[in-house]
Amino acid sequence: MTATSERSASPTGQGARQVDAVVVGAGFAGLYMLHKLRELGLSVQVYEAGDGVGGTWYWNRYPGARVDVKSVYYNYSFDRDLEQEWEWTEKYPPQPELLRYINHVADRFDLRKDVQLRTRVTEAVYDESVARWRITTNRGDVVSAQFTIMATGCLSVSKMVEIPGIATFNGRSFHTGNWPEQDVDFTGRRVAVIGTGSSGVQVIPLVAEVAEQLTVFQRTANYVIPAHNHAIDPEFQRAVKARYPDVRKANRESSFGIAQPEATKSALEVSEGERNAYYRRVWTNKDSELVSMLTGFTDMLTDETANETAAQFVRDRIAEIVTDPAVAKALQPTGYPFGAKRPCLGTNYYETFNRSNVRLVDLRATPLTEVTQSGLATMEETFEFDDIVYATGYDAMTGALAAIDIHGRGGVSLQEEWAAGPTTYLGLAVAGFPNLFTITGPGSPSVLSNMLVSIEQHVDWVGDAIDEMRRNGVTTMEAEADAAEEWTRHVADVGNTTLYPKADSWYMGSNVPGKPRVMFAYIGGVGAYREKCDQVAAANYEGFTLT
Ligand code: NAP
C-alpha cells in the first residue's frame, strides 16, 4: 500500500516512482478521491499547486467570497460523524469557514501525508507498453501510475481581459480567483472592479464600503437576487442533521443537487399575481435559495415567455432599489434569459450603486480599450486607479485540463482531441485515454449543481469502478468512442431543449475568445444523471472497454 520513494526519472517513466493512482488537485474533489482510494488500499499521490489544500476555496479569498448553496447542504456526506460534528455558523459559509472545514477534513482523515503542495502537474502521458500514466510536475517529479484522476476543478483557471497593457499598470492588480493570502486593504483608495459575475457581485459592495472611489466596469448586467445571509438558526441545523440520510437522498435525486418542492405548473398557467407572489417570496424570504427562483415553475428554463416573467420581476426590483434611473437601466439585465447565465446572490449589491463614491461604467456603451500605467481607458474616457480588481472569471470546465499536456494512446493530445469541444463519456472518461477519470468533467452536471453532491457522486463512482477492476483482474478501463460521442450528443441535445444556449455565458464557453461554443455541462439533472451512471456500472460498465 505504501509507495516506494525513489525518484529516478527516465523519459519513459521507467524507474520513476510507482503509485497506483495520481490525483491532480487537493480541493473538495481531490481530497475525497484520495480518501476513497486509500480506503480501497491503493497508494496515491496527490499534487496540488496551492500552498494549502482547498482548491477553489483556497484561491478565492477575495472580500465577500462565500458559497451560495446553504452550508448544511454544501459539505461532505461520506462520513456520518463528520457531518454531525461540524457546526456551520452561517446560512452561506464564507470562504474562511469553508477553508477551515476542508483543513479539518484533511486532518481528520490524515490526508496531508499524500498531498504534495506547491506542485503543478505539467504533463500526463499514457505509456501503452506498460498501461500506465507518466505524470510530470513543474518541480521535476516523475511518477508512474495505473490511474490518473483529474480533480482539477471546473473554475480554477483565471481569465483576464483581452486588452493590451495589463502588465504596465503601476498600481496593485488582483484577480478574484487568485487572491493573495494576506488581507488586502482598499481603505481610502481609488479602485476599479471589472466584471459583474458572482465574484464581482460579492466583492463590489465590500470594496465600496472602504474605498475612496469605486468604479465598476460592467459588460453584461446580471440578475442578482438577495442572499439574505444570516447566522445559521441552530434549530434548523439540528433538524437537518437529525434527518441527514433523507436530506442527502433528496438532494442526490433532485435536479440541481438541492431538493426543492416539485413544480407542477407553467409560469404561464398561473395569474400574474400568483406568479409574482412566488417570486416575491423568493426575493424576500430570509431562508430562500438561489435555485428556488428557477424551480418554482416547470418551464423557467425552457420557455422564453415564462422565463421573461422572472426576468422582469428582477428588473422591476432593480428599478425600485437604484435611485438614478440611468444607472438602474444599465444594471437591468436584458437580452438573455434569467438563469441562462449563472444568476447571482448579492448582499447590498444594487444598493451599492446609490453610494456617492460608486460609479458604474457600461462597457456595452463604451468598451475597454487598454490598461494604462495609471488605470484604464475606454473608447471615451481614461480613468486613474490605485487598484484594479479583475473579477473576470475563468476558462471554465476545460481550462485546467488544457493547462496540462495530456497524451493518451498513440500520443494523442487531449487538447487537440477537444479542439472542437470536449467529447466525454458521462463527463467521467475520454476515449483513447484509458484509466484517466475527470471528476465533475465536461458533460456532467458539475457546475449546474450543488458541486459537493456531484463531486461525491463522481468520486464514489470512480472508486467503485477501480475496486471492481481490481477484484476482476482488469487493468484498464477506457470509454468507447461511440459511447462518448453518443453521450456528448445527448448533452448537447438536452442543452438545446433549454434556454442556456440563448446566452453568451461561460456555460457555453462564450467568455473565452476562440473557445468552441458548446454546452459544457449536463442539464439533465443530477438525479437522472446518477441513475444513468449507476446503470452503466450495473451493466458491467457498458460503453467502456475493460482489458
Ligand atoms: P463570471 O461569472 O464569468 O463573470 C465574469 C465577469 O467579468 C462578467 O461580468 C464578464 O462579462 C466580465 N468580463 C469577462 N471578461 C471581460 C472583458 N474582457 N471585459 C469586460 N468584462 C469582462 O466569473 P465569476 O464572477 O468569477 O464567477 C464564475 C463562476 O464561479 C460563477 O458563475 C459561479 O458558478 C462561481 N462562483 C460562485 C460564487 C458563489 O457561490 N457565490 C462566487 C463566485 C464564483 P460578460 O458577462 O459580458 O462575459
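How many of the six residues of strand β9 are buried? In this predicted model, five of the six are, so strand β9 (residues 213-218) is largely enclosed by the rest of the structure. A good way to find β9 is to look at the strand beside it. Strand β8 (residues 190-194) is joined to β9 by five bridges, and the two strands run parallel. One place to see this pairing is at I194, whose bridge partner in β9 is F217.

A second group of strands shows the antiparallel arrangement. Strand β13 (residues 368-371) and strand β14 (residues 375-378) run antiparallel and are joined by three bridges. Within this pair, L368 has T378 of β14 as its bridge partner. The chain makes a hairpin here, with three residues between β13 and β14. The next strand along, β15 (residues 382-384), is also antiparallel to β14, and three bridges join the two. Here A377 stands opposite T382 of β15. Once again the two strands form a hairpin, with three residues between β14 and β15. Strand β14 can therefore be followed as a partner in both pairs, since three bridges join it to β13 and three bridges join it to β15, given that two strands pair when at least two bridges are found between them.

The loop between β14 and β15 also takes part in a contact between charged side chains. In this contact, R359 forms a salt bridge with E381, and the closest N and O atoms are 2.9 Å apart. The pair links distant parts of the chain, as R359 belongs to strand β12 (residues 358-362) while E381 sits in the loop between β14 and β15, 22 residues apart. How buried or exposed is each partner? R359 has a relative accessible area of 38% and so is partly exposed. E381, at 31% relative accessibility, counts as partly exposed as well. Elsewhere, D79, E85 and R108 are joined into one network by salt bridges that share partners.

The structure holds 29 salt bridges, and two further examples are worth a look. In one, the side chains of E83 and R80 meet, with an N to O distance of 3.2 Å. Why are E83 and R80 separated by about one helical turn? The reason is that they are three residues apart in helix α3 (residues 80-85). The surroundings of the two partners can be compared through their accessibility. E83 has a relative accessible area of 5%, so this residue is buried. R80, by contrast, counts as partly exposed because its relative accessibility is 48%. In the other example, R112 and D107 meet through their side chains in a salt bridge of 2.7 Å, N to O. With a relative accessible area of 34%, R112 is partly exposed.

Charged residues also gather on the surface. E480, D482, E485, E486 and E542 come together there in a patch of negative charge. One member of this patch, E485, is found in helix α16 (residues 481-496). Its relative accessibility is 45%, and E485 therefore counts as partly exposed.

Turning to the backbone, two residues that are not glycines have a positive phi. One is D110, where phi is about 50°. This residue lies in the loop between α4 (95-108) and β3 (115-116). D110 is partly exposed, because its relative accessibility is 42%. The other is N348, with a positive phi of about 60°. N348 lies in the loop between β11 and α12 (349-352), and this residue counts as partly exposed at 45% relative accessibility.

Strand β11 itself offers a final point of interest. G346 is found in this strand, which covers residues 344-346. Is G346 buried or exposed? At 7% relative accessibility, G346 counts as buried, because buried means under 20% relative accessible area. The position of G346 also shows how folding can bring together parts of the chain that are separated in sequence: G346 and H228 are 118 residues apart in sequence, and their C-alpha atoms are 8.2 Å apart in space.

Note on methods:
Residues numbered from 1 in each chain as written. Predicted model: local features only at pLDDT ≥ 70, side-chain atom pairs only at ≥ 80, totals over all residues. Heavy atoms only, no water. Patch = residues over 30% accessible without salt bridge, like charges linked within 9 Å, V, L, I, M, F, W, Y side chains within 5 Å. Areas by Shrake-Rupley, 256 points an atom, 1.4 Å probe, with all protein chains shown as cover. Salt bridge = Lys/Arg side-chain N within 4 Å of Asp/Glu carboxyl O. Lys, Arg positive; Asp, Glu negative; His and termini not counted. Charge placed at Lys NZ, Arg CZ, Asp CG, Glu CD. Helix = DSSP H or I, 4+ residues; strand = E, 2+ residues; numbered from the N terminus. Buried < 20%, exposed > 50% of the residue type's maximum accessible area, 1.4 Å probe, protein only.
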